[in-house]
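Reader: I would like to learn how to read a fold like this one. Can we go through it feature by feature?

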Amino acid sequence: MTPPISPTEQPTAPPIPVPTEENMQGTSILTGIFGDNPYFQAGFGLMGVGVGLTALRQGLALGSTAIRRRMLVSLEMNNKDHAYEWFLVWMAHNASTSSQKRAAHTWLRSHQLSVETAFEQRSNGSSSALFRFVAGPGTHWFKYHGAWIQMNRERETRSMQLMSGTPWETVTLTTLSRDRHLFPQLLTEARDLALKGQEGKLVIRTAWGIEWKQFGQPRRKRPLHSVVLDTGVNERVEHDVRAFLARRQWYADRGIPYRRGYLLHGPPGSGKTSFIQALAGSLSYDICLLNLSERGLADDKLIHLLSNAPERSFILIEDVDAAFNERVRMSDDGYQSSITFSGFLNALDGVASGEERIIFMTTNHLEKLDPALIRPGRVDLNVLVDDASPTQAKTLFIRFYGESDEISKEDIDRMGQQLEELTAMEMRQGRRISMAALQGLFIRNTVQEAVAGCRELFVDRRT
Ligand SMILES: Nc1ncnc2c1ncn2[C@@H]1O[C@H](COP(=O)(O)OP(=O)(O)OP(=O)(O)O)[C@@H](O)[C@H]1O
């Protein structure tokens, strides 16, 4: 049993050891054990080295950040900007031709490549696929006019661009601060190279979500005279477009929205689309092709697309009657599968702005169109592009065979005359032939076969 503690005998704190000769002797024993221990000393040394290295690393990181800030300059481009596309074209071009252009550009051999497929149209109309290898996501180096530039291409795989569904990408170029003047030079070179590829060509764009994106490679422009329309039709439309383009200030002074709508109506294969494309080419305009029946296209997107078309472009809406045959439907997954008619009218009227807007619409069935759609302001010029008239048939025939060495000019004219008379006679009997059918006939047959073969291609006007 423990004896009870009396109030006077409170437990006291243990005395603090005072260094005496005896316990000093103990310390020197410890020092003896650890101080002389090579393992312990090595551990201490290693710890010191570790701390030193960490400090050095942090110092270097801070130093490099400071140096980067002061001595380097970076330029970021993302794939929403035109410069990004232009740079990739430039990069593909220079990476493949660097051996010839070594003085200006040198690319270090890269191990991370991306392929870009381009379709090149040959003069005979066929096309071939070309593969270009460009620097893929990662870090690459190239030398541009004597300056080394680091290129870092990054792809964001976790999030996509909301409307177009493509991943976000950025390219960051870094070089010495003193070489910063090379950036505008490089981008100008890239822009000129990209635009040179489109020179003399027609660019077609389609809607991707709420954006317009180039569709395929730029196409060879079709000469306007190669589309043979009835007398005066071509000139009427071309003159109207040119007059409109010359009157921007006139519209601005009167506060009238600077836009014009055209409707070309007529049977299939009469040359409506070909003419619009040729006209765009002759004015150096692009085409923005809008499909009103496209899945997911809703009224708000349509308004956005029509008010944000790229400069110098015709908006082309084909078969405008087809989009409203069926009223708004919802697909199984809840997507609105077509726009509403009133939404379309609102989009055509758009927000009044000084921006130029030219819309071309085509239809095979004028009678199906709501009068609200073709009222002035929405459609300013309504033109019939019909089946082949006798003169058109003859002109197309001469265009196809006129330069043949096998047959004299007189014979060509005589046969053209026969075709003209044949077409006139068939038309009087209520029969018709499309320009597309004539073109097909002329492609397949020799000049002698063409006139004879033509008879079978006329069809009843009501079919
Ligand atoms: N007037 C024409 N002159 C020259 N070629 C024509 C003409 N009309 C049609 N063609 C030829 O016929 C083909 C079809 O023409 P296009 O697509 O322009 O006709 P479309 O009137 O727009 O037809 P659709 O109403 O079916 O869209 C093209 O290859 C084109 O070269």
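Author: We start with the overall make-up, then go to cores, the cavity and some single residues. Keep in mind that this is a predicted model.

Reader: How many helices and strands does the protein have?

Author: There are 13 helices and 18 strands. The protein has 463 residues, and buried residues make up 35% of them.

Reader: What does the protein expose, and what share do carbon and sulfur atoms supply?

Author: The protein exposes about 28000 Å². Carbon and sulfur atoms supply 55% of that area.

Reader: What share of the contacts comes from residues 24 or more positions apart?

Author: Take the contacts with a separation of 6 or more. Residues 24 or more positions apart account for 68% of these.

Reader: Now the interior. Which residues touch the most other members of the largest nonpolar core?

Author: The general idea comes first. In soluble globular proteins, nonpolar side chains tend to be buried together. Here, the largest nonpolar core has 28 residues. V237, V241, L279, F314 and F360 touch the most other members. Several elements give two or more residues to this core: α5 (233-245), β12, α7 (272-282), β14 (313-317), β15 and β16 (381-384). The largest share is five residues, and α7 provides it.

Reader: Which residues does F360 touch?

Author: Leave out residues up to four places away in sequence. F360 then touches V237, V241, Y262, I276, L279, F314, I315, L316 and I317.

Reader: Which residues does the second core include?

Author: The second core is separate and has 25 residues. Among them are W212, L263, L302 and L348.

Reader: On to voids. How many cavities of 30 Å³ or more does the structure hold?

Author: It holds one. Its volume is about 60 Å³.

Reader: Which residues line the largest cavity?

Author: The lining consists of R259, R260, G261, L348, R357, I359, M361, G377 and R378. Strands β12 (259-265) and β15 (357-363) each supply at least two of these residues. By class, the lining has three nonpolar, two polar and four charged residues. L348 links two topics: it lines this cavity and belongs to the second core.

Reader: Next, single residues. Is T206 buried or exposed?

Author: Compare the relative accessibility with the cut-off. Buried means under 20%. T206 has 17%, so it counts as buried. T206 lies in strand β9 (residues 204-208). Setting aside neighbours within four places in sequence, T206 is in contact with E211, W212, K213, F215 and L289. One of these, W212, is in the second core.

Reader: Where does D81 lie?

Author: D81 sits in the loop between β1 (72-78) and α3 (82-97). Its relative accessibility is 43%, so D81 counts as partly exposed. D81 and T170 are 89 residues apart along the chain, yet their C-alpha atoms are separated by 9.9 Å.

Reader: Backbone angles next. What is the phi of H145?

Author: Look at the sign of phi and the residue type together. Phi of H145 is near 50 degrees, a positive value in a residue other than glycine. H145 lies in the loop between β5 (138-144) and β6 (147-160). With a relative accessible area of 40%, H145 is partly exposed.

Reader: And what is the phi of D319?

Author: Phi of D319 is near 45 degrees, again positive in a residue other than glycine. D319 is in the loop between β14 and α9 (341-349). At 38% relative accessibility, D319 counts as partly exposed.

Notes:
Residues are numbered from 1 along each chain as its sequence is written. This is a predicted model: local features need pLDDT of at least 70, side-chain atom pairs count only at pLDDT 80 or more; totals for chains, interfaces and linings use all residues. Side-chain values use heavy atoms; hydrogens and water are left out. On a 1 Å grid over the protein atoms alone, a cavity is a set of points where a 1.4 Å probe fits but cannot get out, and a pocket is an open set with protein on both sides within 12 Å along at least five of seven lines; lining residues have an atom within 4 Å of a point. Grid points are joined across faces, edges and corners, and a volume is the space filled by probe spheres set on the points. Helices (H or I, at least four residues) and strands (E, at least two) are DSSP runs, numbered from the N terminus. Ala, Val, Leu, Ile, Met, Phe, Trp, Tyr, Cys and Pro count as nonpolar, Asp, Glu, Lys and Arg as charged, and the others, Gly among them, as polar. Buried means under 20% relative accessible area, exposed over 50%, partly exposed in between (1.4 Å probe, protein chains only). Contact means heavy atoms within 4.5 Å. Accessible areas come from the Shrake-Rupley method with a 1.4 Å probe; for residues, only the protein chains shown count as cover. A nonpolar core is a set of buried Ala, Val, Leu, Ile, Met, Phe, Trp, Tyr and Cys residues joined through side-chain atoms within 4.5 Å.
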